[in-house]
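Let us take a walk through this structure together, one region at a time. Keep the sequence and the 3D view at hand as we go.

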Amino acid sequence: MARRLAQAAPATGGRSSVLKIIAALGMVLVVQSLFALSLVSAQQLLVPRNMPFGVAGPPSPVVAAVASRAGLDLTSYPNTSAVMDAVDQGELYGAYIGSGSSDTLVVVPAKSFFAQTELEPAFLDAAHKLGQPVTVKTVKPLTSSDPVGAVTSLLLIPLLIGGYLAAVLVFKAAHGVAAAPWRAAILVGYALVGALLTDLIAGPGIGAYSSSHFWPLLPCFWLITSAVALAAAGIQALVGKLGTLVVALLFIIIGGPPAGGLGTYLLPVYWRNIGVVLPPQSAATLINHVLYFDGNDISTPLTVLLGYACAGMAVIGWYGRIRPGRSAAAAGSPEPRASEPGSPAARASRHRRAVIGMLVALGVCAVVQCLFSTTYMIASHAPKATNLPFGAVGSSPVLAAAEKDISLKVTRYADEAAVKSAIDHARIYGALVTSGGQNTLIVAPSMSDLAPLDLAVRFEQAARSTGQKLTVQQYTPLPLAAKDPFGLVQGLMLVPLLIGGYMSSTLLMTATGKAAGRWRAAQLAGFAVVSGLVVDLIVCYWLEGFPSSKFWITWPICSLIVAVVAFVAAILQKLLGPIGTLLTVVVIMLFGNPSSGGANGVPYLPAFWRDIGPYLPPRNGYLLLHRTIYFDGHGTSQSLINLLIYLGVAAAVLIVLDLRRAEAKVPTDATEAAAVSVPIGAVP
């Protein structure tokens, strides 16, 4: 009988291990799928939807023409003063003031840069067709340190992640006691420290906003971080360890994409409505209105954030002090004896260990928050082209004048056909073709969402200054998908692929109790194949984020990206244990993702980020995805080679480490590991 049990034990243990592995990878796949679905669906199509827009003066056919094809929610005002007051309060994205002879279009870049790029051309085009003179008046302009209005979204990243990680790591350091009576005070105290660090780094340190905003923003940052941390701790108190994953889903995966940092009324209506009840959207509105609207119209976001903070404190207080006190009083518990585990000496020892653990945890959280405050802000807050690849045919004073305002790397071509061939091969972002006294600026929306607008503005200014005529022409080798008019999808879908890579390795480490094993490489490779397929299906067929003709070629690319990140994470975890996960996040998400270039394009990155990008997987993954989908694979050879080298070397190193290096068990809870991994990479 004993012999039979001994023979059955390994089989039972093996089946249990397999089930743990399947469950762990299944959890990663669910999180990855939800994030791909929410992030891409919320931000792939940023167009006006019921956008508040003011009108004053006599009814204008220009307004009627634009309103019939743009999602504007028109509000009539009795006079110009009333309109401007509403604009100053941050209530409107723009306004049209009719006067009969020459109308005025009011644009508000600070409310949304992308809304301005939609509204201004639409109104000017309609006015031109109707023969109505229109003057454009810019109110609440963006600053030179925030030319595209990205700072609001970038500030959300460290504040949300800092608050969430503080709650999760303190929960872990306190051995799962989520509602201890001192929890609220510690989290509020950390929130102040995290807010101060973020404010110092983004303001005086990087110069993303003027020093005059330092003190007005500090209490806002403190409230945002406190609201997230306290609400997270409250949910942990209600549902235990699973609460960390619940908060990640609510505040990061579901709450992050509809934050609306680029304009709330550019989001799909259902995402805007979801975002209203979650902290990120209120946080984005609060920051934007303090930065650009003198703190006007912030009562709603303050109410929402204070509500989350107070609700979290109430739950913590109930579970940490009130309910235990009532239970002890009802039971009439005697004082523990000195020899018992609950003696004063034992409690003091446990208290010291908990304090040290929490200080270490909060120190790690502060470092991570500082890194997010620094890396993404430096890389993205003020995109400016440097040596933007550009073509030229013929000679024109317009080019020389434009180069005074934008840094171009000019290549001469024989004719327009040669220019378009260069664009087809993803070599240049645009070109100036001069022939017979005519100047034509060709821009390529497929290459960058920002470069066409940037080039058009600079060259139109140059044409006016030199007295030349200029025509702007768009050229795309393969048109952008109908639901991806700005070429944003590849940058958006890259994030869940990167997260899936290091989460799969992290949760496999958790499920098996060690960072690697005999079949670890095969398990990660198999997950990568399935993961790439699922993300491809969601983005291509469900969300129509790119043409279905590219589905089959995109699948192996998605799987390759996941596999590379998973293998790198497995190696670092094998060498360093759980610390390897944090190092993977630093390399892949804190340095790799900001240096990818994204939809703006590599030339819009600062020098450091341009230089390190080619050596890290995210840049290569993004270029491989983007140029395969919109340029028939031209210009992808180097990126593909780099990723294959990463994959081959990482697989070889992982196999060698598995054969030669022993390691200790890693006793980490699966939901805890998943919850810690998700927000670090889930950038709104």
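Which residue in E4 does Ala95 stand opposite? Ala95 faces Val106 across the two strands. Please bear in mind throughout that this is a predicted model.

That pair of residues is a good way into the sheet. Strand E3, residues 94–97, and strand E4, residues 103–107, run antiparallel and are joined by 4 bridges. The two strands form a hairpin with 5 residues between them, and within the hairpin Gly100 has a positive phi near 95 degrees. On its other side, E3 has a parallel partner: strand E1, residues 51–56, pairs with E3 over 3 bridges. Ala95 turns up here again, as the bridge partner of Gly54. Ala95 is thus a handy landmark, with Gly54 as a bridge partner and Val106 opposite in E4. In general, the strands of a sheet pair through backbone hydrogen bonds, in either the parallel or the antiparallel sense.

Now step back to see the whole sheet. It is an open sheet of 5 strands in the order E2-E1-E3-E4-E5, and the pairing is mixed. Which strands stand at the edges? They are E2 (72–77) and E5 (134–138); each has a single partner strand, so one side of each is left without a neighbour in the sheet. On average, neighbouring strands here are turned by 20 degrees against each other, with direction ignored. As for E3, both of its faces are covered. Gly94 and Tyr96 are buried on one side, and Ala95 and Ile97 are buried on the other.

From the sheet we can move on to the helices. Ala233 belongs to helix H7, which covers residues 214–239. Is Ala233 buried or exposed? Ala233 is buried, because its relative accessible area is 0%. Between Ala233 and Gly312 there are 6.7 Å in space, C-alpha to C-alpha, although the two are 79 residues apart in sequence.

A little further along, look at the loop between helix H10 (279–292) and helix H11 (299–331), where Asp294 is placed. Asp294 has a phi near 55 degrees, a positive value in a residue other than glycine. Asp297 is found in the loop between H10 and H11 as well, and its phi is also positive, near 55 degrees. How do these two residues stand towards the surface? Asp294 is exposed, because its relative accessible area is 66%. Asp297 has a relative accessible area of 39%, so this residue counts as partly exposed.

Next come the aromatic residues. How many aromatic pairs does the structure hold? There are 16 of them. One is the edge-to-face pair of Phe591 and Phe608, with 6.5 Å from centre to centre and 75 degrees between the planes. Phe591 lies in helix H19 and Phe608 in helix H20 (residues 607–612), so this pair ties together parts that are 17 residues apart in sequence. Phe608 also pairs with Trp609, again edge-to-face, at 5.1 Å centre to centre and 85 degrees between the planes. With relative accessible areas of 25% for Phe591 and 45% for Phe608, these two residues are partly exposed. Trp609, by contrast, is buried, because its relative accessibility is 3%. Elsewhere, ring pairs link Tyr541, Phe551, Trp552 and Trp555 into a cluster.

Our last stop is on the surface. Leu575, Leu576, Ile579, Leu583 and Val587 form a nonpolar patch there, and together they have about 400 Å² of accessible area. Which helices each supply at least two residues of this patch? They are H18 (551–576) and H19 (579–592). The largest share, 3 residues, comes from H19. Leu576 is found in H18; this residue is partly exposed, because its relative accessible area is 46%. Helix H19 therefore links our last two stops, since Phe591 of the aromatic pair lies in H19 and H19 also supplies residues of the nonpolar patch.

Definitions and conventions: Residues numbered from 1 in each chain as written. Predicted model: local features only at pLDDT ≥ 70, side-chain atom pairs only at ≥ 80, totals over all residues. Heavy atoms only, no water. Patch = residues over 30% accessible without salt bridge, like charges linked within 9 Å, V, L, I, M, F, W, Y side chains within 5 Å. Areas by Shrake-Rupley, 256 points an atom, 1.4 Å probe, with all protein chains shown as cover. Salt bridge = Lys/Arg side-chain N within 4 Å of Asp/Glu carboxyl O. Buried < 20%, exposed > 50% of the residue type's maximum accessible area, 1.4 Å probe, protein only. Pairing = 2+ DSSP bridges. Axes fitted to C-alpha atoms, helices over the stretch in contact; angles between N-to-C directions. Phe/Tyr/Trp six-rings, centres within 6.5 Å; stacked < 30°, edge-to-face > 60°.
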